[in-house]
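This briefing introduces the structure shown below to a reader who is meeting it for the first time. Please keep the display in view while going through the points.

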Amino acid sequence: MIRFVDVKKTYLNGVQALKGINLEIHDGEFVAIIGLSGAGKSTLLRSINKMIDITEGELYIDDVEISSIKGKELRMLRRSIGMIFQSFNLVRRMSVFNNVISGRVAYHSTFKTLIGRFPAQEKILALESLEAMGILDKAFARADQLSGGQQQRVALARALTQQPKLILADEPVASLDPITTIQVMDDFAKINKEFGITIIANMHHVDLALKYANRIIGVKDGLVVFDGKSTDITEDILVNIYGRTLKHDEVLGE
Amino acid sequence: MTRFTLTSGKVIVKPFNKIWIVLFVILIIVVVLGQYIYFPEYLTLAEIWPFLKKMFSPRNDIFGHRTWGDYFNYIFTIIPYYLLKTIKMSIGGTVIGSAIALPFSVLAAKNVFKNKWITSPFRFIMNIIRTIPAAVMVIVAVFIVGTGNLAGIIGFSLFSFGIMAKMLYEVIETSDMNSFEALESTGANKTQAFRYALLPQIFPIFISYLIYVFEINIRASALLAFVGVESIGSIIQVGLDGGDFDYIGGVVIVLTFVIIIIQLFSNWIRGKLQ
């Protein structure tokens, strides 16, 4: 369970990205965060695995306050959280398999990982993650030979190989075409249901967020302005979150 | 300074880039100083030709009578002996220097360590070492360990370190940091993130620099002889002392082939690593 208690974040340049967030996210939820760009979605998401440090308030993960942890404790926390990025963030010239197994490095000592050998059961785990994402046949191709959708699946397989309890996704489909977008979102749904992994995703396309997530969090100007079931969203609520009606690029429109 | 007036009436001023002023001043200084640089007037092409002939044919005057047979014998037996010694020292120096340069270059890379207090001292050390001429390093090494191969290896290690560390941290700073961020998000520490996100990216460049530094070392090895370490330079030294320019010509021929072979090898391995 993740609990935000009056979380604030002010960047060094004075920009206040989060202005007092109070949230509770339970295990197994599929949460979509929506809002204008610059509303604080990314900051909110990245504060959970401390890729960004909050400046005020308390943030609990499984009842452990994380804003002050660092070093080994921090790495152990990050190890239990997968992260998916808009631009996939794979090592493009490395094989798919090596990209996926790199999700395991935090489980080993630095010295062991420098040599680059992993136990057999972890190699099998990596291959099984690829299998779950349906790209096992690409395992030994170079990552940059794959299409965008396939690369995002490799990134998902890397996250699965971490055996996380939670996956954070920062605009996971924003650089994909409509068809692969649906496929990747289906993969997210599968991970959520079959593996029981909590998913928190920043979504640019509102209709996708409504279709796939059970819960929607609307962020506006560093504050949560809506928090509820995706079925409860109305036109008025969206106008409130976005301050205007949606632009056509904010809906995928199947 | 350039001004743009838009149709809306807004005026946008593109700031003048000061670098051009700096470069212009440097250019003026170089031109002015150039007036005082002395070029010997007697060195004409007509003077160079007989000298080249002395280098690339066997010596035949009152101090030495040699045949083409002697010349080729020299190229195929004596020079390779010294060449092998040189290559051994160069490989040793290149490998040791580059291996030490790798962690240093990571510690000096501003995209890996955002903190200036970490990168600056390492950059400082690297700059100091790079400033010391290779000749001085070798002389110091000879003082410490004597005139054996070890002196050459130590000298070359420091020399290789200087070049390699600088080139590497610049490559690291231009690599794609997205994968590094992804690795850090999985809980990897900086060393692990470097190993799995950056090293695969810089590896082909690292290898190609390694071969390049090795090549520089082979050429620089000529100076080792002048501080007493046996190398390909020993032949040049003997040739200069006795006026045996055909020895020097032989060294030039052999080195040319060696450098070409290294280049071909470098191209081949880079093609394999792409």
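A residue is called buried when its relative accessible area is under 20%, exposed when that value is over 50%, and partly exposed in between. By this definition R142(A), at 24% relative accessibility, counts as partly exposed. The model is a predicted one, and the points below deal with the build of chain B, with the interface of chain B and chain A, and with salt bridges.

**The build of chain B**

- The secondary structure of chain B consists of 10 helices and four strands, and from the N terminus on these elements follow one another as β-β-α-α-β-β-α-α-α-α-α-α-α-α.
- Chain B is more spread out than a compact globule, because its radius of gyration of 25 Å is well over the 19 Å that the globule rule gives for 274 residues.
- Along its principal axes, the C-alpha trace of chain B spans about 85 × 50 × 40 Å.
- Of the 274 residues in chain B, 42% count as buried, and among the contacts in this chain between residues at least 6 apart in sequence, 66% join residues at least 24 apart.

**The interface of chain B and chain A**

- Where the two chains meet, 22 residues of chain B are in contact with 30 residues of chain A.
- The area buried between chain B and chain A is about 2100 Å², and carbon and sulfur atoms give 55% of it.
- Of the area that chain B buries against chain A, 30% is supplied by S185(B), T186(B) and Y196(B), which is more than any other three residues supply.
- Between the two chains the count is one salt bridge, in which the side chains of R46(A) and E181(B) meet at 2.5 Å, N to O.
- Across this interface there are also 10 residue pairs in polar contact, with both residues at pLDDT 80 or more.
- On the side of chain B that touches chain A, the elements that give two or more residues are helix 7 (178-185) and helix 8 (190-220) of chain B, and helix 8 gives the largest share, namely eight residues.
- Sorted by character, the residues on that side of chain B divide into eight nonpolar, 10 polar and four charged.

**Salt bridges over the whole structure**

- A search of the whole structure, taking in all chains, finds 20 salt bridges.
- One of the pairs in chain A is K8(A) with E56(A), whose side chains meet at 3.9 Å, N to O.
- Because K8(A) lies in strand 1 (residues 2-10) of chain A and E56(A) in strand 4 (residues 56-61) of chain A, this pair ties together parts that are 48 residues apart in sequence.
- Both ends of this pair count as partly exposed, K8(A) at 22% relative accessibility and E56(A) at 45%.
- The side chains of D53(A) and K50(A) meet in another salt bridge, at 3.0 Å, N to O; here D53(A) counts as partly exposed at 42% relative accessibility, whereas K50(A), at 7%, counts as buried.
- R142(A), the residue with which the definition was introduced, forms a salt bridge with D144(A) at 2.9 Å, N to O, between side chains, and D144(A) is partly exposed as well, with a relative accessible area of 27%.
- In chain B, a network of salt bridges links R59(B), D61(B), R66(B), D244(B) and D246(B).

Methods: Residues are numbered from 1 along each chain as its sequence is written. Chains are lettered from A and ligands numbered from 1 in the order in which they are written. This is a predicted model: local features need pLDDT of at least 70, side-chain atom pairs count only at pLDDT 80 or more; totals for chains, interfaces and linings use all residues. Side-chain values use heavy atoms; hydrogens and water are left out. Contact means heavy atoms within 4.5 Å. Buried area is the accessible area (1.4 Å probe) that two parts lose on being put together, summed over both. A salt bridge is a side-chain nitrogen of Lys or Arg within 4 Å of a carboxyl oxygen of Asp or Glu. A polar contact is a pair of N or O atoms within 3.5 Å; within protein, one must be able to donate a hydrogen and the other to accept it, and residues adjacent in sequence count only if both atoms are side-chain atoms. Ala, Val, Leu, Ile, Met, Phe, Trp, Tyr, Cys and Pro count as nonpolar, Asp, Glu, Lys and Arg as charged, and the others, Gly among them, as polar. The radius of gyration is taken over C-alpha atoms; the globule rule is 2.2 Å times the number of residues to the power 0.38. Buried means under 20% relative accessible area, exposed over 50%, partly exposed in between (1.4 Å probe, protein chains only).
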